[in-house]
Amino acid sequence: MDYRVFGDTCYIRMDKGDEIISSLLGVCEREGIRSATFMGIGGCGSAQIQVFDPDAGTFSTQSYEGVLELVSLMGNVVDGAQDGIFWHAHALFSFRDGDDHRMAAGHLKEATVLYTAEIELRPVAGGVIGSAPDPVTGTRFWAF
């Protein structure tokens, strides 16, 4: 992985074998970023995508392996105070299934880069967005 900061934005190039979420959090740690948004594209070799079931209060997870085009990655990082930073990301992947092209999307738990990922990380300007647990879902939401 390599990255540069231009203005207030981090441009991150991830390489084969880099795990996307942990790499993003590592950049946040090194740069002192406590809240930000991010987006990106790339190619992955594996991914775990989740869908939240609000009635059960749990995520169902599906794993994918192979050549996975990361068509879209969007997410955020928020300050969890003494609990560190929290992330929330959604991703859309396309892949081949025999002769057919398929897509899979949802909450991104993790993904490993196959050949590259290009991600733009934009820190929140002029403040910090926090997070707080939601008593209904058990997940964390933005707190201002």
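Leaving aside its neighbours within four places in sequence, with which residues is Ser131 in contact? In this predicted model, the residues that Ser131 contacts are Val78, Asp79, Gly80, Phe86, Arg140, Phe141 and Ala143, once those sequence neighbours are set aside. Ser131 has its place in strand E7 and is buried, because its relative accessible area of 12% falls below the 20% cut-off. The contact with Arg140 includes a polar one, in which the side chains of Ser131 and Arg140 approach to 3.1 Å.

The strand that holds Ser131 belongs to a hairpin. Strand E7, residues 130-133, pairs in the antiparallel sense with strand E8, residues 140-143, over four bridges, and within this pairing Ala132 stands opposite Phe141 of E8. Six residues lie between E7 and E8, and in this turn Gly138 has a positive phi of about 80 degrees.

The chain as a whole contains one helix and eight strands, which follow one another from the N terminus in the order β-β-α-β-β-β-β-β-β. Its radius of gyration is 16 Å, close to the 15 Å that the globule rule gives for 144 residues, so the chain is as compact as a globular protein of that length. The C-alpha trace spans about 50 × 45 × 20 Å along its principal axes, and buried residues make up 40% of the 144 residues. Among contacts with a separation of 6 or more, 61% are between residues 24 or more positions apart.

Two further hairpins involve strands E4, E5 and E6. E4 and E5 pair in the antiparallel sense over 10 bridges, with His90 in E5 as the bridge partner of Met74, and the five residues between these strands include Ala81, whose phi is positive at about 55 degrees. E5 in turn pairs with E6, again in the antiparallel sense, over eight bridges, and here Arg102 in E6 is the bridge partner of Phe95. The hairpin of E5 and E6 has two residues between the strands, and Gly98 takes a positive phi near 70 degrees.

Helix H1 covers residues 20-31, and its 12 residues should span 16 Å at 1.5 Å a residue, a value with which the 17 Å between its end C-alpha atoms agrees. At the start of the helix, a side-chain oxygen of Glu19 comes to within 3.1 Å of the backbone nitrogen of Ile21, while the residue that follows H1 is Gly32, with a positive phi near 70 degrees. The buried residues of H1 are Ile20, Ile21, Ser23, Leu24, Gly26, Val27 and Cys28, and these pack against strands E1 (2-6), E2 (9-15), E3 (36-53), E4 (58-79), E5 (85-97) and E6 (100-123).

The largest nonpolar core comprises 31 residues, of which Ile12, Ile20, Leu73, Phe93, Ile119 and Leu121 touch the most other members. Two or more residues are given to this core by each of E2, H1, E3, E4, E5 and E6, and the largest share, seven residues, comes from E6. For Ile12, when residues up to four places away in sequence are not counted, the residues touched are Met1, Asp2, Tyr3, Leu24, Val27, Ala117, Glu118, Ile119 and Leu121. Among these, Leu24 and Val27 also appear in the list of buried residues of H1, and Ile119 and Leu121 are, with Ile12, among the core residues that touch the most other members.

How values were computed. Residues numbered from 1 in each chain as written. Heavy atoms only, no water. Expected span 1.5 Å × (residues − 1). Buried < 20%, exposed > 50% of the residue type's maximum accessible area, 1.4 Å probe, protein only. Contact = heavy atoms within 4.5 Å. Polar contact = N/O pair within 3.5 Å; in protein donor to acceptor, adjacent residues only side chain to side chain. Pairing = 2+ DSSP bridges. Core = buried A, V, L, I, M, F, W, Y, C linked by side-chain atoms within 4.5 Å. Rg over C-alpha atoms; globule rule 2.2 N^0.38 Å.
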